[in-house]
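Reader: I am in my first year and still learning to read structures, so could you take me slowly through a single part of this one? I would like a close look at one stretch of the chain, with the reasoning spelled out.

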Amino acid sequence: MTASKKPAAQSAQTLAKSILGGGADLGLFEGGPTGRGVYATLRDQIVRLDLPPGTPLLRAELAETHGVSLTPLRDALQQLAKEGLVKIYPQSRTLVTPIDMSAIREAQFMRIALETEVVRRLADEIAPEALTRLRSIVALQSSISDQPGDVPTFQELDEVFHQTLFVAAGHVQSQRIMRSHAGHLERLRRLHLDDIDEAGRILNNKDVIGGHSRILHGIEAGDAPAAMEALRQHLQRTVDRMTEKRAAFPEYFTPEKP
């Protein structure tokens, strides 16, 4: 990483931590802090496709890797099973589930319903510091969008932008509930954002930044209909490519129903 790129990446990580509070927004985990840490790590690996569909999760191996006992590991796996991200076969094995198209449609419906209401409220009223934070996220994305090798930072900022909308509107709990149902959609979005050229740059980075900019402009102008429509179009882009991604990665998805 060059000297000019490192500040942007560091700023993105600092911004993400300040907004997310160290990842406390992930799901509705009811276990202890040790299990929460394992859950957060495994969920992140699953939605980023570092653990792709079909990957076996061996409890003894995971317990050793994470340095935990089997009890918090069991709690973490049970939460992931509730979210549909793993399938637990009693006395047998645990597998990362395939991406389910029906779950994607349900999660997309929920997300559009909640997030359009969030931007409508923000267009009516938003704190100056929240507006500044949203502008900073878009500016950081723009500064690294054409830089090879900064794909993870760009992807992180994409998540942070949307989470910041919920934080700014005071609906963090709604965002947590939404995310607990959005694991399949998040994996599809990861495939969408993983389109890179030979130099390692995200191919659709301009579309992502343009979508965020239009949402932000609507909020800044106090134009709720414009902000809501910009959000709908932005969120729909990922689902519109579901058929294409299914054809490219058939092993990642549930089989088509006859």
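Author: What follows is a walk through the hairpin of S1 and S2, with a look at the loop that leads into it and at one further loop. Please keep in mind throughout that this is a predicted model. Strand S1 (86-89) is preceded by helix H4 (70-82), and in the loop between them we find Glu 83. This residue has a relative accessible area of 7%, which is under 20%, and therefore Glu 83 counts as buried. The side chain of Glu 83 makes a polar contact with the side chain of Arg 43, at 2.9 Å.

Moving on to the strands themselves, S1 and S2 run antiparallel and are joined by four bridges. One of the pairings to look for is that of Ile 88, whose bridge partner in S2 is Thr 94. Between the two strands of the hairpin there are three residues, and Gln 91 lies in this loop, ahead of strand S2 (93-96).

Gln 91 deserves a pause, since most residues other than glycine have a negative phi. Gln 91, although it is not a glycine, has a positive phi of about 60°. With a relative accessibility of 84%, which is over 50%, Gln 91 is therefore classed as exposed.

A positive phi, near 70°, is also found at Leu 49, again a residue other than glycine. Leu 49 sits in the loop between helix H2 (33-47) and helix H3 (59-66). Its relative accessibility is 12%, so Leu 49 counts as buried, whereas Gln 91 counts as exposed.

Conventions:
Residues are numbered from 1 along each chain as its sequence is written. This is a predicted model: local features need pLDDT of at least 70, side-chain atom pairs count only at pLDDT 80 or more; totals for chains, interfaces and linings use all residues. Side-chain values use heavy atoms; hydrogens and water are left out. Buried means under 20% relative accessible area, exposed over 50%, partly exposed in between (1.4 Å probe, protein chains only). A polar contact is a pair of N or O atoms within 3.5 Å; within protein, one must be able to donate a hydrogen and the other to accept it, and residues adjacent in sequence count only if both atoms are side-chain atoms. Two strands pair if DSSP finds at least two bridges between them.
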